[in-house]
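Please open the model in your viewer and keep the selection panel at hand. The tour below proceeds stop by stop, stating what to select and what is found there.

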Amino acid sequence: MSTLTINPAMPPTTIPFKSRHVAVVGAGAAGLVAARELRRDGHSVVVFERGNEVGGTWVYTPHVEPDPLGLDPKRPIVHSSLYSSLRTNLPREVMGFMDFPFVTRPGESRDPRRFPGHREVLLYLKDFAREFGVEEMVRFETEVVKVRISESGKWNVQSKKTTCFSNENEHKSKVEFDDEIYDAVVVCNGHYAEPRIAEIPGINSWPGKQMHSHNYRTPEPFRDQVVILIGSSSSAVDICREVAAVAKEVHVASRSVADETYTKQPGYDNLWLHSMIDNARDDGTVVFRNGKLVLADVIMHCTGYKYHFPFLDTKGIVTVEDNRLGPLYKHVFPPALTPYLSFIGIPWKIVPFPLFELQSKWVAGVLSGRITLPSQKEMMEDINSFYSMLEAAGIPKWYTHCIGESQFEYNNWIAAQCGCQGVEKWRKPMYSAASVNRRLRPETYRDEWEDHDVVLEAYEDFVERTSASNL
């Protein structure tokens, strides 16, 4: 039997461990760090990636889906939701993995801004994959089509590899199917590809065009049009301002404001904030709860996404109900299938990469036997207690995995299970400062900030970590 020496944060000892054959679904940020942590813990890892490069949702494409609302289950799916001008809404220091800082790197093609464009994030993830040798574990252009429990109790993973080739006269593709057995499966396929659509009375007879922001790339198609945008997320704030530069009018409908709300946005002559839509009419008008009527060309839903795992067959053990994926212990482990099925990256309204990193350490350690989970009964009791707490607080089921400010406590709890260092002290104040600044200065927060002392603390920490790793 192999042995594993625990990292310095744990008691100095050597214990037996088990090496598992693990399938990781997806080579975005979650899949990359999961693969690294699994291999660090001695597991054999295969990462399945349907695209031809790592990066997941950070791989930009100008292509959009033929169904602009994303309602047709048979539509060809475009996994990226990035728009061309997107910049991060969090500073790079807070975004990065804990042991691989997201600092400015040399090179003419690199983006040195503190809130960089999407391409810089992709390059950072590629740097990470190269630094830790993750790409050698990835099967590109290989889509997982079915994951299910086999008769032996292990996991049957069916995949489809598409190879494209061309000559002077034509383009062809070859499709090969594979069927393999794994000890465990770690699901890292993200949750930004299956759009959620607002329900609007009368919309079926409304003659205008509808789309989801998943299929927004540039503002030009909306030139001289009247656009209604539903939502108040960071992407909605960006897109409404970008579209206002070319559109005749832009009207933003928000659930989070009072019904009488009707305000022109500062700095714009053609951008208004409304309360939510009341109904849509067959003459093309849209009625808001504030009583205003707008004759609109387009309604764009910036209304988020749904969890979607069409490849996963757990015989009903794990389900998605009103966007609650469960039952999951601490958003990661389904008790009845623990530890051989796990999910990385389910929580939202978070700083994603450090959370993915700590979840991955936890999963890797549990699979090796280095970390012990509570009993199935105890995990279910914890889950039911969590659900009861949400219900008592009046939090809708849809927000089960929205952890927001509690993410730092959550991350540190997982770190304690792993026996490793928790989140650095500067991350929470930096995250909070960015959030406040974003609300106060939605136009300029990416280029004007006041948390210079926290930034200095972060870079001092980076230098200290780099020096320690070179010893």
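**Stop 1: helices α5 and α7**

Begin with α5 and α7, where α5 passes α7 in a left-handed crossing; that term applies if the near helix is turned anticlockwise from the far one by less than a right angle, and right-handed applies if clockwise. Helices (H or I, at least four residues) and strands (E, at least two) are DSSP runs numbered from the N terminus. This is a predicted model, in which local features need pLDDT of at least 70 and side-chain atom pairs count only at pLDDT 80 or more, while totals for chains, interfaces and linings use all residues. Residues are numbered from 1 along each chain as its sequence is written, and side-chain values use heavy atoms, with hydrogens and water left out.

Select residues 352-368 for α5 and residues 407-418 for α7; their axes come within 9 Å and cross at roughly 30°. Axes here are lines fitted to C-alpha atoms, for helices over the stretch in contact, and angles run from 0 to 180 degrees between N-to-C directions. The two helices, α5 and α7, are therefore roughly parallel to each other, a label for angles under 35 degrees; over 145 counts as roughly antiparallel, 65 to 115 as roughly perpendicular and the rest as oblique.

Next, display the side chains of the contact (heavy atoms within 4.5 Å). From α5 come Leu355, Leu358, Gln359, Lys361 and Trp362, and from α7 come Tyr410, Asn411, Trp413, Ile414, Ala415, Gln417 and Cys418. Eight residues of this α5 and α7 contact are nonpolar, three are polar and one is charged. In this scheme Ala, Val, Leu, Ile, Met, Phe, Trp, Tyr, Cys and Pro count as nonpolar, Asp, Glu, Lys and Arg as charged, and the others, Gly among them, as polar.

**Stop 2: helix α1 against α5**

Keep α5 and add α1, residues 29-40; the axes of α1 and α5 come within 8 Å and cross at roughly 35°. This crossing of α1 and α5 is right-handed. On the α1 side, select Ala29, Ala30, Val33, Ala34, Arg36, Glu37, Leu38 and Arg40, which meet Phe353, Phe356, Glu357, Ser360, Lys361, Ala364 and Leu367 of α5. The contact of α1 with α5 comprises nine nonpolar residues, one polar and five charged.

**Stop 3: the nonpolar cores**

Which members of the largest nonpolar core touch the most other members? Select Trp58, Phe97, Val186, Phe353, Phe356 and Trp362, which do so within a core of 92 residues. Helix α5 supplies the largest share of this core, nine residues. A nonpolar core is a set of buried Ala, Val, Leu, Ile, Met, Phe, Trp, Tyr and Cys residues joined through side-chain atoms within 4.5 Å. Buried means under 20% relative accessible area, exposed over 50%, and partly exposed in between (1.4 Å probe, protein chains only).

Centre the view on Phe353: residues up to four places away in sequence aside, Phe353 touches Ala29, Trp58, Met95, Gly96, Phe97, Val121, Tyr124 and Leu125. Then turn to a second, separate core of 22 residues, whose members include Ala23, Val46, Phe48 and Leu337.

**Stop 4: helix α4**

Select α4, residues 234-244, in which Ala236, Asp238, Ile239, Cys240, Arg241, Val243 and Ala244 are buried. To see their surroundings, add β11 (226-230), β12 (249-254), β14 (271-275) and β18 (298-301), against which the buried residues of α4 pack.

**Stop 5: Ala280**

Ala280 lies in strand β15, residues 277-280. Is Ala280 buried or exposed? Ala280 is buried, with a relative accessible area of 6%. Draw a C-alpha to C-alpha distance to Trp206: Ala280 and Trp206 are 6.0 Å apart in space, although 74 residues apart in sequence.

**Stop 6: the loop between β21 and β22**

Most residues other than glycine have a negative phi, and most peptide bonds are trans. Select Pro327, in the loop between β21 (324-326) and β22 (341-343); the peptide bond from Gly326 to Pro327 is cis, with omega near 0°. Pro339 is also placed in the loop between β21 and β22, and a cis peptide bond joins Thr338 and Pro339, with omega about 0°. Finish at Lys330, found in the loop between β21 and β22, where phi is near 55°, a positive value in a residue other than glycine. Lys330 is partly exposed, with a relative accessible area of 23%.
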